[in-house]
Amino acid sequence: HVPFCHNRCNFCGCHTFAGAEPQVVDRYVDALVAETRILARALGKRAAVCVLSFGGGSPNSLSIDQWNRLLDALENVFDLSGPHERSVELDPRRTSAELVRHLVERGFNRFSLGVQDLEPNVIELARPGQTAEHVLALTSAIREAGVDAINFDLVCGLPHQTEATMAATVERVVELGPSRVALFG
């Protein structure tokens, strides 16, 4: 759980902090790295892990350096060499193609995008600043990096959302072709 976001979405019910200073996020990563050392001592061996999942908040609030420190620590404690799934939730407004490529290089093979809705008047109220173009660009960047396992999180019951707007969003989602869709009320 990476409990940080650049700004809080209006529908959010997650335990997260918006707008945290970089040094706060850095201290959190330091704490996670310290916990992996404690776990390593307790385990006494490198346990095999086949699923590693990062959620949030928004894990893309971590810098590439912070990702490297955290993943290096986890790889030192756990055996992540076997068949695995490494997944991460991403905010389409704030994820660069560079971060996607880096995460793929570090073994990530499933990406979950906080789409919520694709209709402009609906999403602007729920997640200010996000557009369908952000979702399209991030989906393309993930596929260009060689990953097809893409999850879209959608939300129903948002302000200004109607059966017609939800149907339009679903049609666009089908066109974009994610491998999974999670629908939240």
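**Exercise 1. Work out which element gives the most to the lining of the second largest pocket, and how big that pocket is.**

Solution. H1 gives the most, with 5 residues. Helices (H or I, at least four residues) and strands (E, at least two) are DSSP runs, numbered from the N terminus. The model is predicted: local features need pLDDT of at least 70, side-chain atom pairs count only at pLDDT 80 or more, and totals for chains, interfaces and linings use all residues. Residues are numbered from 1 along each chain as its sequence is written, and side-chain values use heavy atoms, with hydrogens and water left out.

Next, the volume. The second largest pocket holds about 180 Å³. A pocket is an open set of points on a 1 Å grid over the protein atoms alone, where a 1.4 Å probe fits, with protein on both sides within 12 Å along at least five of seven lines; lining residues have an atom within 4 Å of a point. Of its 13 lining residues, His1, Leu32, Phe54, Leu70 and Leu74 are the closest to its centre. Helix H1 (22–43), S3 and H2 each give two or more residues to this lining.

**Exercise 2. Find which side chains of S3 are buried, then trace the chain on to S4.**

Solution. Start with S3. Leu52 and Phe54 point to one face and are buried (under 20% relative accessible area, 1.4 Å probe, protein chains only). Val51 and Ser53 point to the other face and are not buried.

Now the partner. S3 and S4 pair in the parallel sense over 4 bridges; two strands pair if DSSP finds at least two bridges between them. Leucine 52 stands opposite arginine 86 in S4. The chain runs from S3 through H2 to S4 in a right-handed β-α-β crossover (clockwise from the first strand over the helix to the second, with the strands pointing away from the viewer).

**Exercise 3. State the strand order of the sheet and name its edges.**

Solution. The order is S3-S4-S5-S6-S7, an open sheet of 5 strands with parallel pairing. Strand S3 (51–54) and strand S7 (180–184) each have a single partner strand, so one side of each lacks a neighbour in the sheet.

Look inside the sheet. S5 (residues 110–116) and S6 (residues 150–155) pair over 5 bridges. Leucine 113 stands opposite phenylalanine 152 in S6.

**Exercise 4. Determine what isoleucine 64 touches.**

Solution. Isoleucine 64 lies in helix H2. Leaving out residues up to four places away in sequence, isoleucine 64 touches Glu98, Leu99 and His102 (heavy atoms within 4.5 Å). The C-alpha atoms of isoleucine 64 and glutamate 98 are separated by 9.1 Å, though 34 residues apart along the chain.

Methods: Buried < 20%, exposed > 50% of the residue type's maximum accessible area, 1.4 Å probe, protein only. Points joined across faces, edges and corners; volume = space filled by probe spheres on them.
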